[in-house]
Amino acid sequence: MTMDSRFELMNFEEDVNYHAPILLTHLVGATDAGEAGGLVVSQILSSLPVKRVATFDTDSLIDYRANRPAVTINNWHVEEIDVPQIALDLVHDDSGTPILVLHGPEPDAKWQLFADEVAEFAQDAGVEMVVSLTGMPAAVPHTRPTMVHLQSTDKELVAGQPKLTGGPIQFPSSANTFLHHLLSKQGIEGVTFLAAVPYYMANMEYPKASLALLERMTSVFDLSLPTGNIEANTQFVTEQLRNLAGENEEVIALVGQLEKHFDNEIDEAVKKIGSFPTPADFVFGSSESVEETDKLVDTDALARTIEQFLARTEDLDDPLLAEEDPSQPKPRHRAPRPWEIPDSNE
């Protein structure tokens, strides 16, 4: 590790060329419905070669009572303590474009100093855009395309989207948005891709939203990023939801109402703009529509039903756990299983 006198919180690895046009930030703690953004970042870090650029002083930033280190105990023996870590890594997509990835838990303290140092680093690294990915709960059905909306520090980038009704809204900021705002003052604009996640899937993994985020990011920034695990799991979860919908009347009723609401909004959009809207054109799922579906079913109970169903079936039918057919190609860039990694001791 090397120290730079300008940085109080960051410790840098030696001899790493960290210049990159894009800084992807995923600091965990705020809403990420369906773990939509988290699954994308995990896919990128597990599927592409990674170089560690820097780590942050977690003792200064993390409240261990809020983010307790995980302990591994084997037959009463304390083997390991896994301390939460905030890190900066460098990856390259398949076309060679470098991408910096800032990941870990949100800091519990010193947000301003943390953001100042990230901004200083971003200037050194030649970062042109800071990007975040997240899922937002919405009154949408899993049987329709996942809509992706854009939030940005640059008004010009969101000028083509429908306006949010009701004027400005205010709510607690995530660390990612906090960073975006501060970096924009340094001339580095920020964009957040928000995927609409069915609110009954908000507390479970919903890879369909992750796939939509990944595809939107690669399209906007002309990147070439792996989709293997996410694409395979999207098919798996979709199939499980299809099976559940076939045997649960409450699910059938809820999905039907959400489909009707979704299709009505699409129809209205076609009337307004004269063509079928793209997934970026509209944000679905107002509080009013959620309240309407709540009158039909107990949505909290329904979410628990879905969670229990998926937990009961995921180890039985998950294509990533099943025995592989050697004649079939593996999902592109699938992360290696533990038993596929050569033993360095052999």
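**Salt bridges, helix packing and buried strand residues**

In the predicted model, Arg242 and Glu239 form a salt bridge in which the closest N and O atoms are 2.3 Å apart. Both residues belong to helix α6 and are separated by three residues, about one turn of the helix. Glu239 counts as partly exposed, because its relative accessibility of 33% lies between the limits of 20% and 50%. Elsewhere, Arg6, Glu120 and Asp124 are joined into one network by salt bridges that share partners.

The count of salt bridges comes to eight. Among them is the pair formed by Lys110 and Glu8, with a closest N to O distance of 3.8 Å. This pair links distant parts of the chain, 102 residues apart: Lys110 is located in the loop between β7 (98-105) and α3 (111-125), and Glu8 in the segment before β1 (10-12). Lys110 is partly exposed, at a relative accessible area of 38%, and Glu8 is likewise partly exposed, at 49%. A further salt bridge connects the side chains of Asp263 and Arg144 at 2.9 Å, N to O. Here too, distant parts of the chain are linked, with Asp263 in helix α7 (residues 249-273) and Arg144 in the loop between β8 and β9 (148-152), 119 residues apart. The relative accessible area is 29% for Asp263, which is partly exposed, and 21% for Arg144, also partly exposed.

Helix α6 (residues 228-245) also packs against helix α5 (residues 207-221); their axes come within 8 Å and cross at roughly 145°. The crossing of α5 over α6 is left-handed. On the α5 side, the contact involves Pro207, Lys208, Ser210, Leu211 and Leu214, which meet Ile230, Glu231, Asn233, Thr234 and Val237 of α6. The residues of this contact comprise five nonpolar, three polar and two charged.

Two strand residues were examined individually. Ser132, in strand β8 (residues 129-138), is buried, with a relative accessible area of 3%. The side chain of Ser132 makes polar contacts with the side chains of Thr25, at 2.7 Å, and His180, at 3.0 Å. Beyond its sequence neighbours up to four places away, Ser132 touches residues including Leu24, Asn176, Val191 and Phe193.

Ile22 is placed in strand β2 (residues 22-28) and counts as buried, at 6% relative accessibility. Leaving aside neighbours within four places in sequence, Ile22 is in contact with Pro98, Ile99, Leu100, Val127, Met129, Val131, Phe221 and Leu223. The C-alpha atoms of Ile22 and Thr97 are separated by 9.0 Å, although these residues are 75 residues apart along the chain.

Terms used: Residues numbered from 1 in each chain as written. Predicted model: local features only at pLDDT ≥ 70, side-chain atom pairs only at ≥ 80, totals over all residues. Heavy atoms only, no water. Helix = DSSP H or I, 4+ residues; strand = E, 2+ residues; numbered from the N terminus. Buried < 20%, exposed > 50% of the residue type's maximum accessible area, 1.4 Å probe, protein only. Contact = heavy atoms within 4.5 Å. Polar contact = N/O pair within 3.5 Å; in protein donor to acceptor, adjacent residues only side chain to side chain. Axes fitted to C-alpha atoms, helices over the stretch in contact; angles between N-to-C directions. Left-handed = near helix turned anticlockwise from the far one by under 90°. Nonpolar A, V, L, I, M, F, W, Y, C, P; charged D, E, K, R; others polar. Salt bridge = Lys/Arg side-chain N within 4 Å of Asp/Glu carboxyl O.
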